[in-house]
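Here is a short tour of a protein model for someone who has not met it before. Have a look at the sequence and the structure, then read on.

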Amino acid sequence: PDLYQFGWGKGRILDEFQMVYITAGEGEFESASGGKKAVGAGAVMLLFPGEWHRYRPRKDVGWDEYWVSFDGEIPHRLAENGFISPSAPVLSVGSDERVLQHYQAILDGVRGERIGYQQLIASKVMVILATALAIARRQNSSDRHEIIVSEAKLLLQQPESMVSIDRLAASLDLSAPQFRRVFKEHTGVSPHQYYNQMRISRAKE
């Protein structure tokens, strides 16, 4: 729809909410209340009705995104009570399989159009929002290792960028043995096992 088309020069104003989840790449986001921010993989951009905004990926990098539009009494009430705010439009969620699964469930619901799919989609939107808020809140108060593991999971999910564990650990300021231990403590699997799981999941898709 024309409503969703916009250029960086003018930006746009929606009459509904949107959640845009960046799963790969990087770029920039700007809004009237939130100002200008760099965004990358793992960011959720919250767009508010009546709020001017614009965003774009870097030309030399690009990005992958999932997005959903929604409206209704509940999100307006969340905004009125300060759970979500135009002044804090970007949530740092990291790579979270639950969020991706709910976005995929929305896509499947739209494609299938089974009886009651609108209600299913509405519930998934609220679950995505609640999950993103919970993760962002936890990351703001979490220890350094949780943040490191979140960053490592994002890197390991990129199909074209499997690096050696030594290089990956060094990029996160850890030794390889430290990185393996911390990663397994937080995920239950080794980095290599996690990467293989992601490859199998992508192959199924």
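## A first look around

H102 counts as buried because its relative accessibility is 17%, where buried means under 20% relative accessible area, exposed over 50%, and partly exposed in between (1.4 Å probe, protein chains only). You'll find H102 in helix α2. Leaving aside residues up to four places away in sequence, H102 touches K124, V127 and I128, with contact meaning heavy atoms within 4.5 Å.

Some ground rules: this is a predicted model, in which local features need pLDDT of at least 70 and side-chain atom pairs count only at pLDDT 80 or more, while totals for chains, interfaces and linings use all residues. Residues are numbered from 1 along each chain as its sequence is written, and side-chain values use heavy atoms, with hydrogens and water left out.

How confident is the predictor? The score to look at is pLDDT, its confidence in each residue, from 0 to 100. The protein averages 86, and 94% of the residues score at least 70. Among the elements, strand β5 (residues 52-57) has the highest mean pLDDT, 96, and helix α4 (residues 144-156) the lowest, 77. Helices (H or I, at least four residues) and strands (E, at least two) are DSSP runs, numbered from the N terminus. Where pLDDT is low, the predicted coordinates should not be read in detail.

Now for the spaces. On a 1 Å grid over the protein atoms alone, a cavity is a set of points where a 1.4 Å probe fits but cannot get out, while a pocket is an open set with protein on both sides within 12 Å along at least five of seven lines; lining residues have an atom within 4 Å of a point. Points are joined across faces, edges and corners, and a volume is the space filled by probe spheres set on them.

| Space | Volume | Nonpolar lining | Polar lining | Charged lining |
|---|---|---|---|---|
| Largest pocket | about 560 Å³ | 8 residues | 10 residues | 5 residues |
| Largest cavity | about 40 Å³ | 6 residues | 2 residues | 1 residue |

In these classes, Ala, Val, Leu, Ile, Met, Phe, Trp, Tyr, Cys and Pro are nonpolar, Asp, Glu, Lys and Arg are charged, and the others, Gly among them, are polar.

The largest pocket has 23 lining residues, with Y66, L100, Q157, S201 and E205 nearest its centre. At least two lining residues come from each of β2 (17-31), β6 (63-70), α2 (97-112) and α7 (191-204). As for cavities, the whole structure has 1 of 30 Å³ or more. The lining of the largest cavity includes F29, L46, F48 and H53, and β2 and β4 are the elements that give two or more residues to that lining.

What about the largest nonpolar core? A nonpolar core is a set of buried Ala, Val, Leu, Ile, Met, Phe, Trp, Tyr and Cys residues joined through side-chain atoms within 4.5 Å. This one has 22 residues, and M19, L46, L91 and V93 touch the most other members. Its largest share, 8 residues, comes from α3. Apart from it lies another core of 17 residues, including V149 and A169.

Two more residues to spot: E113 sits in the loop between α2 and α3 and counts as exposed because its relative accessibility is 54%. E113 has a positive phi of about 50° although it is not a glycine. G7, in the segment before β1 (12-13), is partly exposed at 38% relative accessibility.

Note on methods: pLDDT = per-residue confidence, 0-100.
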